[in-house]
Amino acid sequence: MENLHFDSNTLKILDQRLLPNEEKWIEIKTKEQAYDAIKTLAVRGAPAIGVFAAYATAIFSRDTDIYELRDYLNSSRSTAVNLSWATGRIVDAYENGRSLIDEAEAIRNEDIEMCRKISEYGLSLLKDGDGILTHCNAGELAASRYGTGLGPIILGKEKGYNFKAYCDETRPLLQGARLTSYELERAGVDVTLICDNMAGYAMSKGLINAVLVGCDRVAANGDTANKIGTSSVAVLAKYYGIPFYVLGPYSTVDFNCKSGSEITIEEREAQEIKELYFEKPTALKETKCLNPAFDVTDNSLITAIITDKGIAYPPFSKSLKELLK
């Protein structure tokens with residue numbers, strides 16, 4: 001399932017804000033539209049944001065100072081390290097006289113291969129028939145192919161595995177409901193949608209054998225920035241003795257960030273909680289809301305971090321570095 005088209009200098013994205021009810025492709029014609037697409041989650045997921053930002057930087061640097069453009073796009077989502085990593089690669093190509101479009105294409109192709117490797121490593125930890133809990137969306141809509149958190153499920157389906165997926169709805173933006181269940185249904189996977197607060201119930205009934213989640217940033221000590229609510233799922237998995245796997249590209253590992261306490265958490269608008277997917281507001285206009293986009297999953301709750309370079313086990317401060325050897 002593609003989320004981005006690029007052809008003859010025309011950049012289009014599948015508007016994920018409208019899924020699953022409408023599949024609409026929108027053309028990105030300006031840097032402002034590119035910024036807005038990232039900010040408002042028309043394009044989302046760490047790998048997908050990186051690929052999109054690479055193309056946007058390559059295209060719109062023709063009319064804008066590339067350094068200003070890089071900083072402008074980077075400011076759209078503070079937590080997603082793939083964003084700045086990708087725009088940085090385009091700037092590096094510019095400084096070294098390489099084709100910016102070719103560099104963006106290379107980033108996309110590398111993302112496809114990266115997702116396949118993550119999916120293969122993740123699949124090696126699962127068994128046919130497993131019940132798998134997911135949170136948020138980390139599939140093909142969030143990457144170029146297969147995805148990260150959903151990759152082992154989608155690849156497993158291709159190889160004849162029969163998993164039973166349980167998708168947290170993932171409030172308040174409902175990525176699990178709108179996107180993950182949609183993707184898995186399209187892939188022919190046995191999928192059941194549950195409310196976020198049913199995760200513990202599903203675990204207690206023996207329905208869950210593993211938890212797979214994506215991440216946007218990994219600190220040097222193994223703390224991970226995941227979609228809000230993921231850390232609660234991790235606590236439940238720890239209590240019930242269920243392996244909790246975090247999957248993401250190695251490029252999300254930030255060795256300059258020592259722990260999760262140093263990760264900037266994006267605060268989003270109250271409207272997303274009270275109004276976005278409701279016919280009428282669910283709370284009074286004056287009621288305050290706390291709406292962080294991410295929380296930090298402590299490394300003590302994580303069974304393994306699965307990357308395209310291999311699987312890291314505790315202690316992560318050591319094993320993550322060893323994957324580079």
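**Close-up views of two pockets and a sheet**

**View 1. Lining of the second largest pocket in a predicted model.** By class, this lining holds 7 nonpolar, 3 polar and 5 charged residues, where Ala, Val, Leu, Ile, Met, Phe, Trp, Tyr, Cys and Pro count as nonpolar, Asp, Glu, Lys and Arg as charged, and the others, Gly among them, as polar. A pocket is an open set of points on a 1 Å grid over the protein atoms alone, where a 1.4 Å probe fits, with protein on both sides within 12 Å along at least five of seven lines, and lining residues have an atom within 4 Å of a point. The second largest pocket encloses about 180 Å³, a volume being the space filled by probe spheres set on the points, which are joined across faces, edges and corners. Among the 15 residues that line the second largest pocket, Trp85, Glu110, Met114, Pro249 and Ser251 are the closest to its centre. Helix 5 (100–123) contributes at least two lining residues, as do helix 2 (46–60) and helix 4 (81–95); helices are DSSP runs of H or I with at least four residues, numbered from the N terminus.

**View 2. The largest pocket, with a volume of about 330 Å³.** Of its 16 lining residues, Lys39, Thr40, Arg268, Gln271 and Glu272 lie nearest the centre. The lining of the largest pocket divides into 9 charged, 4 nonpolar and 3 polar residues.

**Notes.** Residues are numbered from 1 along each chain as its sequence is written. In this predicted model local features need pLDDT of at least 70, side-chain atom pairs count only at pLDDT 80 or more, and totals for chains, interfaces and linings use all residues, while side-chain values use heavy atoms, with hydrogens and water left out.
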